[in-house]
Every structure is written in C-alpha cells, then in structure tokens.
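Trainee: I would like a close look at a single part of this model, namely one short helix and the sheet it sits against. Please go through it in one connected account.

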Amino acid sequence: MTDNSQKPSAVILGGLNTFSRALASFLVPVDAEPLVSRLRIVDKFSVAPPTTYLGAEFPKTLSNPLVEYRQANLTVPSAVSAALEPADGHEAFDYIFDFTGEIRHDRTEMIQIKTTCHVARLIGLEAAKRKNKAYIRIQLPFYETSSKGTHDEKEDVKPQGVIGTWWHETLRMLAAIPDLNLVILRIGFAYGPYVNIGNITSAITVGAVYGYTKKPMKSMWSPGKNPTHTIHVDDVAGAAWACAQWIGPLGRSAANAAAGEVIPFHNDKNKVKEVEGMPAHNEKLVAPLFNLVDDSNSTLLSVGQTITSYFGTTFEFFNLVESTKLKLADDAVEDINEHHVGGWTEMITSSNPPVPNTPLSAYMDTYALEKHVAAFSNTKIRGITGYQLKYPAFNHATLKEIIDKWKAEGSWPVLE
Ligand SMILES: *[C@@H]1O[C@H](CO)[C@@H](O)[C@H](O)[C@H]1NC(C)=O
C-alpha cells in the first residue's frame, strides 16, 4: 500500500443524479490506488436505502473507508459550512468539486435562484473563507451558441431559457467572490456508463426502441448544422481533476491571468436588487473558464446516426409539411411518446432476464424534443492544463460499453 496521507483531500457536492458519481469512482477506483487521501460526498439524497439511481459501481466506491457520504440540505448555510468542515485533527480539504444545481428545465425562476444560484454561492463563500485550494464548478450546456465561429471561451454564448439564465448567473456570482480558487468547467452534452439523464441518454433509449420496432427514427429539426457537442462522463471526471491540480498551486489571481475570461451579463437588470449576491450588470467579472467537449464535433445528425446504426435502423428527418404539422399539434409530444414508451415497455417486459426496475425512460420531455445548438472548442483546456481526452469519439464502442454495463446491472433489456 502506498501512503495516502500525502495525497490531496476532496469534497464533492451535489450531482449524484448527474455526473458526480463518476468523479467519485475516478478519485477512489474500485480496483486501483485512490488519487485522494480522503473523499467526502455530500448531497440531498439518501444512499442507503438509495433515493436516487446510483448505478452498479458507485456503491463499491462508497464502501471504501476513505470515502464518507453525508446526506444534507445544501440550501441551508449551516449544512454547507458543516459539509466543508474537516474531520477532527485534519486540515482544510484541498479540492472542492461543485456539481450542484437544478437540472430540470421546467423549474421556476424562484426555484432556480434558490437551488442553483444560492447553493453554489454559499459553497463558494465557504470555500473562499476556508481557503480551499481549488473550487471546480461544473457548468452544463444550457446555452444556445452559433453553429459557426471559433466556439472558444471568448465567444459570448446565449444562456437558454430560465435554466440557462440562472445557471449562467451563478457563474457571475462565483466569479465575484475574490479569493475563491474558482475554475469553471463548461461541459458539452454528457453521456456515459450509469448516466440515466440528459439528451444523449434519452436518444440512446429511444433509438433502441426504433431499432426494436424496425422503424427509422425521425427528427423535426431538418438537416443543417445543429451541433450538440458531446462529452463522456469519465472525461468530465478526469478534466475536473485536471482543473483542480492546475489551479491548486496557482491560486485565483495567477489562474485568472492565465485562463481568465469575462463572464458577461445575460439577465434582467431589475433582478440585481432582488437577488442576494447578484453582481451589478456592469460589473466586469473574470474567472478561469474551460470548455470541455470531445473531438467528435457531434451534431443532431451525427449523434442520431451513431445511435440508430448501432441498433440497426436509420436516422431521418420529417419533411417540411410533416414537421410543421407536428410543431403545431398540441398533442404531438404525447403521440410521439406513446410510441416510444409503448415500445420500451414491450422491450423490458419481454427481456430475459426480466428488467423489473430501470432508471431509463423512453419518454422525451419538451427539452429533449426541442432544438439545441451548443458548440464549444476544447483547445484551451488541452493547451493550458494538458488534459487528454480518454473518450475523444462518440461511437459504437462507447455505446456498447454503456449498454453492456446497463445489461450487467439489469437496467437494460436483453432480447436475444
Ligand atoms: C431544505 O431546506 C430549505 C430551507 O430551510 C427548505 O425550504 C427545504 O424544504 C429543505 N429541503 C428538504 C428536502 O428538506
């Protein structure tokens, strides 16, 4: 055994329902030496018994004595303070990974402010006070970018909807905390083993249904470039770690000098007075920011083709008349879903062995059915942190690994 005590210690906050389980298993692997001396994970969910999907790997990580899990309500300031309080006799945690934030696109502005902005700001203030060496904020791709251009971190991209507006505002609030050793990691559409949420997962499940029913999968958003850049969840984990190791010895000022970007205002000026901690519209806020996407240059079409060809069918587009009809019909979403959910139910009920419980659904909500255009360049993170992608391409091999793992844990139908 190597001496773990010299390794950094870390806290992961939130994200059990998104991507933080992958980071936990990366930091404390099941079958290799841990990268950290101690790992604390804090989220609102219970893990025993689980009140959210955990996947087959994460419980093994939790059983390692280096790992401590705490269930806490991070909207409460004292709970945030306790989450970052080191155990008796230990120094402050080195790295803080913030995966918090409300990911449901149908949540109100008030809920977004309370559970996305305020929670992250509480953690940021606490991490600045405790002088933690790194605070890595995971930013999801709730943006509408141009399909042309450089896609680099200097491009001013437009937050999409209520969710995008307040997730983006959260970055400004964090950037405004002067001594916070902040790095913003802005990811593409993430997918991977044990990821049961998001547009790519949804497309995988629905693509399987079209493969099963032997029909083409069709989209309303006619060809043309609709970039939806992708990223594997293990790269979210690896890059978050790389960002922490990068800013650790630098500190915020040097990190700002090396990788700082202006985080522009994209909100209603009147909100500044109403929302605690929201910086004025004209305040110039700078924070280290890195995009993280794979090298696939994924688009709606390429993701659709990769998935459908894996399941033995094709990806097509509705013609103009059909898609106009669909966009106008109130019940189009329900009709589409009836086919998806019916097919998926048939698949899981005829599976051998049976699939009595699955975290996967073929129901596509309006967000999954909307058009998304999010294109980012990954040049900067490679150049500055030296991070190398483990999964540069979204392809049949990455899909197979995901589906094999779901099959092994009994979440995916076995039909042969
Ligand atoms: C978390 O705390 C807030 C503020 O006290 C409260 O409104 C909310 O209901 C709590 N959430 C849970 C799940 O207990």
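Mentor: The part to start from is helix α8, residues 252-259, where R252, A255 and A259 are buried. Viewed down the axis of α8, these buried residues fall within an arc of 60 degrees, so they line one face of the helix. The other side of α8 carries S253 and A257, which are exposed. Keep in mind throughout that this is a predicted model.

The cover over the buried residues of α8 comes from several elements. Among helices it includes α5 (161-175), α7 (233-247) and α14 (379-385). Among strands it includes β8 (182-187), β12 (260-262) and β13 (286-292).

Those strands lead to the sheet. It is an open sheet of 8 strands with mixed pairing, and the order is β3-β2-β1-β4-β5-β8-β13-β12. Its edge strands are β3 (67-71) and β12, each of which pairs on one side only. From one strand to the next, the twist averages 30 degrees. Helix α1 (residues 20-27) also packs on this sheet, where α1 touches β1 (9-13), β2 (38-43) and β4. The direction of α1 makes about 165 degrees with that of β1.

β8 is one of the strands that help cover α8, and β8 deserves a residue-by-residue reading. This strand is mostly covered, with 6 of its 6 residues buried. In a regular strand, side chains alternate between the two faces of the sheet. In β8, L182, I184 and R186 are on one side, while V183, L185 and I187 are on the other. Both sets are buried, so both faces of β8 are covered; here buried means a relative accessible area under 20%.

The neighbours of β8 can be followed in both directions. Towards β5, 5 bridges join the two strands, which run parallel. One pair in that register is Y135 with L182, its bridge partner in β8. Towards β13, the pairing with β8 is again in the parallel sense and covers 4 bridges. There I187 stands opposite L292 of β13. L182 and I187 thus each have a bridge partner, Y135 for L182 and L292 for I187, and they lie on opposite sides of β8.

One step further along the sheet, strand β4 (residues 95-98) pairs with strand β5 (residues 134-139) in the parallel sense over 4 bridges. In that pair, D98 has R137 of β5 as its bridge partner.

Some local details elsewhere in the chain are worth checking as you go through the model. Two peptide bonds are listed here as cis. One runs from A48 to P49, with omega near 0 degrees, and P49 is in the loop between β2 and α2 (58-62). The other runs from N352 to P353, also with omega near 0 degrees. P353 lies in the loop between α12 (332-349) and α13 (366-369).

Two residues other than glycine have positive phi values. For H151, phi is near 65 degrees. H151 belongs to the loop between β6 (143-144) and β7 (158-159), and H151 is buried at a relative accessible area of 12%. For Y194, which is not a glycine, phi is positive at about 65 degrees. Y194 sits in the loop between β9 (189-191) and α6 and is buried, with a relative accessible area of 13%.

Helix α6 (residues 199-213) contains S202. S202 has a relative accessible area of 10%, so it counts as buried. Leaving aside residues up to four places away in sequence, S202 touches Y363, M364 and A368.

Last, the ligand. N73, T75 and V76 surround it. For N73, a polar side-chain atom lies 2.3 Å from an oxygen atom of the ligand. For T75, an N or O atom of the side chain is 3.1 Å from an oxygen atom of the ligand.

Definitions and conventions. Residues numbered from 1 in each chain as written. Predicted model: local features only at pLDDT ≥ 70, side-chain atom pairs only at ≥ 80, totals over all residues. Heavy atoms only, no water. Buried < 20%, exposed > 50% of the residue type's maximum accessible area, 1.4 Å probe, protein only. Arc of directions from axis to C-beta. Contact = heavy atoms within 4.5 Å. Pairing = 2+ DSSP bridges. Axes fitted to C-alpha atoms, helices over the stretch in contact; angles between N-to-C directions. Near = heavy atom within 4 Å. Polar contact = N/O pair within 3.5 Å; in protein donor to acceptor, adjacent residues only side chain to side chain.
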